[in-house]
Structure formats: C-alpha cells, structure tokens
Amino acid sequence: MDPRSIAPTSLGVRAAAAVAGGLRSRWADATAANPDHSRWYVERFRALAASGADLVGEARLVDAMAPRGATILDAGCGPGRHAGHLHRAGHTVVGVDLDPILLEAAEADDPGPTYVVGDLAAVELPAEGPQRFDLILCAGNVLTFLHPGTRRPVLARFAGWLAEGGRAVVGFGLARGYAQADFEADAAAAGLAVEQRWSTWDLRPFSASSEFLVAVLTASAPATAPAGADAG
Ligand SMILES: C[S@@+](CC[C@H](N)C(=O)[O-])C[C@H]1O[C@@H](n2cnc3c(N)ncnc32)[C@H](O)[C@@H]1O
C-alpha cells in the first residue's frame, strides 16, 4: 500500500499506513511492544476527564491565538481532547495521528474535526478540507515520539502547511531525547523561525533551566506546497 494513500473508514476516520519511508515513530514502537498501550492511553485520559481534570490548556492557548473561525491542524492529535475543544470553539479542525485506536476514541469522544490516520511525515490531507492552517498545534510531546529521521521533514511540512501569517505551537519535555538546540536547528533548516519560547502552556517564562519548551514558530521562508517526506 502506498503509505500516502487514504481511504475513508466506517468511522469517517481516514486510514493510511503508519510508517513514513521505513522510519517508524517511537509511538509505533511502543504500541508494537505493548498492544494494550493505545487502549491504556485512551482510558487514562477518559478517567482524567471524568475526574474533572483540566485537559485542554494547550487548546485554550491556541484558541486565544486564533482568529474566529480559523483553520487549525492538531498534529499528533491522539484521542482528540484538543481537536474537539477547538472544534467546539468554532474552528475548522483537522487532526492527524498515526494511531487508529486513538482516532477511534477521538471520533467517539470528540467528534467534529476531520480525523486522519497517518504519519505526519507522509500523510496527505483530505483534498476537500483545508490545506493551509492559521494555527498548528503539536502538543503532548509528539515531536519526541517522531523517528529522529523524520523530525526535520515533519517540521518542514508544518512550514508548508502554515497559512500566511500562521503560527505553529509545539510543546515537549526537554529530557525526552530532543534537545532544544537540535530542535531549533531542525526548525531553522525546515523554514521555521522561533518567535517565542515559554516553559508551560500557561506561558510561564522560559529559561536555561526549563524542563519543558513551548515554542511558537512562524514560517521564515515563503511557504511552499507541502511535500511528502523523503525519509528513506
Ligand atoms: C502522548 S500522545 C499526545 C496526543 C495529543 N497530542 C495530546 O496532547 O493529547 C503522542 C501522540 O503522538 C502521535 N504520534 C507519534 N508519532 C507520530 C507520527 N509520526 N505521526 C503522527 N502522529 C504521531 C501518537 O500516535 C500519539 O497520539
């Protein structure tokens, strides 16, 4: 199967192969090692939601940054907590994730966005939906789960997916194998400029001792049409 091909499923989720150029995501490694991992993750967040935990701080930040009725890509959307919140706020939301079990949960718990199964390094967005986005949200350590060989291609796709004046907001723990300097070098090579750095999703200042990075990225070069990653 062409890894970029997509086909509708009965859930309305679009299915695609989850490996980009043979470079498998660390999330896919984890689910291969433990077939219960995805369902455990879904139930963990369902339990947190049932307990009243605040699970959408990342989405609230992006909503505050967005014009009303914006186009928003939730990159690595998982079970849809952010995508669903942003949809209910009136935005046109596309959620991409490589884990079909998480997207089944997203369709069940947070319907409304267009959910697409695929690797961020290779996925094609549905032709009938937005191809450019005012905001891209990449929360929940997604960048640290990418195969390191796809980090730069995925960031380049973010650059290509941004609408004029659009911004990408990414957040990840700095002790998870992706150093700030490496991330910023990858972002620059991918055509993204770091406009702001924060240490939390509620915008606490970033410092040299921060353990978490929330970076706001803009396109530093003219946007080009997104291309599939040449990750092989
Ligand atoms: C810890 S979860 C975070 C999910 C969601 N962003 C959130 O904050 O709730 C990490 C997610 O990254 C996704 N992911 C990892 N590598 C990916 C890739 N190469 N392409 C698409 N999604 C990926 C996983 O499937 C998983 O849903």
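Of the 20 residues around the ligand, those that come nearest are Ser25, Trp27, Gly76, Gly78 and Gly140. The model in which this shell is found is a predicted one. Sorted by class, the residues surrounding the ligand comprise 11 nonpolar, five polar and four charged ones. Two elements of secondary structure deserve a mention here: strand E4 (92-97) and helix H6 (142-145) each contribute at least two residues to the shell.

Stepping back from the ligand to the chain that holds these elements, the secondary structure comes to eight helices and nine strands. The protein chain has 232 residues, and 44% of them are buried. Sequence separation adds to this picture. When contacts between residues at least 6 apart in sequence are considered, 69% of them join residues at least 24 apart.

Two helix pairs can be followed in some detail, beginning with H2 and H5. Helix H2 spans residues 37-50 and helix H5 spans residues 100-109; their axes come within 8 Å and cross at roughly 30°. Because angles under 35 degrees count as roughly parallel, H2 is described as roughly parallel to H5. The crossing of these two helices is right-handed. On the H2 side, the contact is made by Ser38, Arg39, Tyr41 and Val42, while H5 supplies Ile101, Leu102 and Ala105. By class, the contact of H2 with H5 consists of five nonpolar residues, one polar residue and one charged residue. The polar class is represented by Ser38 and the charged class by Arg39, both of them from H2.

The second pair is formed by helix H7 (residues 148-161) and helix H8 (residues 180-189). How do the axes of H7 and H8 cross, and at what angle? The two axes come within 8 Å, and the crossing angle is roughly 45°. H7 and H8 are therefore oblique to each other. In handedness, the passage of H7 across H8 is right-handed. The residues that make this contact are Arg151, Arg152 and Leu155 of H7, together with Asp186, Ala187 and Ala189 of H8. Sorted by class, the contact of H7 with H8 has three nonpolar and three charged residues, with no polar residue present. The charged residues are Arg151 and Arg152 on H7 and Asp186 on H8, and the nonpolar ones are Leu155 on H7 and Ala187 and Ala189 on H8.

Set side by side, the two pairs read as follows. H2 and H5 cross at roughly 30°, whereas H7 and H8 cross at roughly 45°. The crossing is right-handed for H2 with H5 and right-handed for H7 with H8.

Definitions and conventions. Residues numbered from 1 in each chain as written. Predicted model: local features only at pLDDT ≥ 70, side-chain atom pairs only at ≥ 80, totals over all residues. Axes fitted to C-alpha atoms, helices over the stretch in contact; angles between N-to-C directions. Helix = DSSP H or I, 4+ residues; strand = E, 2+ residues; numbered from the N terminus. Parallel < 35°, antiparallel > 145°, perpendicular 65-115°, else oblique. Left-handed = near helix turned anticlockwise from the far one by under 90°. Contact = placed C-beta atoms within 7 Å. Buried ≥ 20, exposed ≤ 12 C-beta atoms within 10 Å, placed from the backbone. Near = placed C-beta within 6 Å.
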